[in-house]
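Please look through the sequence and the model below before reading on. The paragraphs that follow start from a single residue and work outward to the fold as a whole.

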Amino acid sequence: MNIPNSLRESTLNRKLALFVGSGISSTAQNSINEHPPSWPELLRALSELTDTETSDQINQLINEHQLLKAAELFRFKTNASYNNIEFRRKLKELVNGPNSDPFQPSEWHDLITTLNPQIIITTNYDNLLEGGNLEHAYKVATFSNTKFDSFLRTGTTTILKIHGDAIKFSNNDEDIILSQSDYSRVRNCGRLTFDVLRAIFLTYTTLFLGYSMNDPDLQIVLDDLFFDRDLEAPHFLLTNHAEPYLINHFEKCFGINVLTSDDYGFSIFQSLVDEYQSSEAINLLI
């Protein structure tokens, strides 16, 4: 598939922001081929921290694809039982892997490192992006950070973790965003996060990686950011398959062009990174 000119030009001019979802994390693995969980798998694993009745309810909601309700029930029961210490420990291990055999960045992470965009936004809790970008000294900010807008003004390469960070959560330094109530809390108390995201979407081309078009996480973010805007389609999402009505919905409602390939967009992204590398090599010779 040919790369759209606007996506190519934004990449070559370093005006591309990446928005990274759990599909990218799921490509990581450790020495025994374990992978980070999908969101349904994460909720099922976390449900084990609750009593049997609640766990059964959570799993039933997951089976019915009501993931936000499952997360809401888990949050309610966990807060009520004060089981947060085990929750913090388990979440970190689930998304980063055991301390003795952590998950390692994949080819996707390597390509992201090579591209080295100024801005990476992610809804993932894990620390794989940081692991793949240590050479480039990314600043890492979360939804509770009140200074990350200054990173953008000064051109600092930044990873914005809008749902929180597993290590910080494990250390009880800050909370995470898991349920719809958590989203509401951030809307009320962390408006800077969404203000900066709107500014990024208005000034950068954004490429979404590792998301399903039915991902409720993504839907909530997009609804909040684009519900009152009438935009053309300057942004892009890579996926493996998309129904025509969803392609139209994303373009008309969110300004996102959907690009598909059998490998979830990996070949498209690889071509984009290869073109960027070639351009950088030519610039060095000039």
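**From a loop residue to the whole fold**

Thr50 has a relative accessible area of 16%, and because buried means under 20%, this residue counts as buried. The model in which this value was computed is a predicted one. Thr50 sits in the loop that runs between helix 3 and helix 4, and its side chain reaches back to the backbone oxygen of Ser47 at a distance of 2.6 Å. If residues up to four places away in sequence are left out of account, Thr50 touches Ser55, Ile58, Phe74 and Lys77.

Ser55 deserves a look of its own. This serine lies in helix 4 and, with a relative accessible area of 13%, is buried. Leaving aside residues up to four places away in sequence, Ser55 touches Ser47 and Thr50. Ser55 and Leu73 are 18 residues apart in sequence, and their C-alpha atoms are 9.4 Å apart in space.

The two helices on either side of this loop can now be considered together. The axes of helix 3, which spans residues 39-47, and helix 4, which spans residues 52-63, come within 9 Å and cross at roughly 170°. Since an angle over 145 degrees counts as roughly antiparallel, helix 3 is roughly antiparallel to helix 4. On the side of helix 3 the contact is made by Pro40, Leu43, Arg44 and Ser47, while helix 4 contributes Ser55, Ile58, Asn59, Ile62 and Asn63. By character, the residues of this contact between helix 3 and helix 4 divide into four nonpolar, four polar and one charged.

Further along the chain comes helix 13, and here the question is how many of its eleven residues are buried. Eight of the eleven residues of helix 13, which covers residues 216-226, are buried, so this helix is largely enclosed by the rest of the structure. The buried residues are Asp217, Leu218, Ile220, Val221, Leu222, Asp224, Leu225 and Phe226. The N-terminal end of helix 13 is capped by Asp215, a side-chain oxygen of which lies 2.9 Å from the backbone nitrogen of Asp217.

Aromatic side chains offer another way through the model, with a count of ten aromatic pairs. One of these is formed by Trp108 and Phe266, whose arrangement is edge-to-face, with 5.2 Å from centre to centre and 75° between the planes. Because Trp108 lies in helix 7 (residues 107-115) and Phe266 in helix 15 (residues 266-285), the pair ties together parts that are 158 residues apart in sequence. Both partners are buried: Trp108 has a relative accessible area of 9%, and Phe266 has one of 15%. Elsewhere, Phe19, Phe201, Phe208 and Tyr211 form one aromatic cluster.

These local views can be set against the protein as a whole, which contains 15 helices and seven strands. Of its 286 residues, 51% are buried, and Thr50, with its relative accessible area of 16%, is one of the buried residues. Among the contacts in the protein with a separation of 6 or more, 69% are accounted for by residues 24 or more positions apart.

Note on methods. Residues numbered from 1 in each chain as written. Predicted model: local features only at pLDDT ≥ 70, side-chain atom pairs only at ≥ 80, totals over all residues. Heavy atoms only, no water. Buried < 20%, exposed > 50% of the residue type's maximum accessible area, 1.4 Å probe, protein only. Helix = DSSP H or I, 4+ residues; strand = E, 2+ residues; numbered from the N terminus. Polar contact = N/O pair within 3.5 Å; in protein donor to acceptor, adjacent residues only side chain to side chain. Axes fitted to C-alpha atoms, helices over the stretch in contact; angles between N-to-C directions. Parallel < 35°, antiparallel > 145°, perpendicular 65-115°, else oblique. Contact = heavy atoms within 4.5 Å. Nonpolar A, V, L, I, M, F, W, Y, C, P; charged D, E, K, R; others polar. Phe/Tyr/Trp six-rings, centres within 6.5 Å; stacked < 30°, edge-to-face > 60°.
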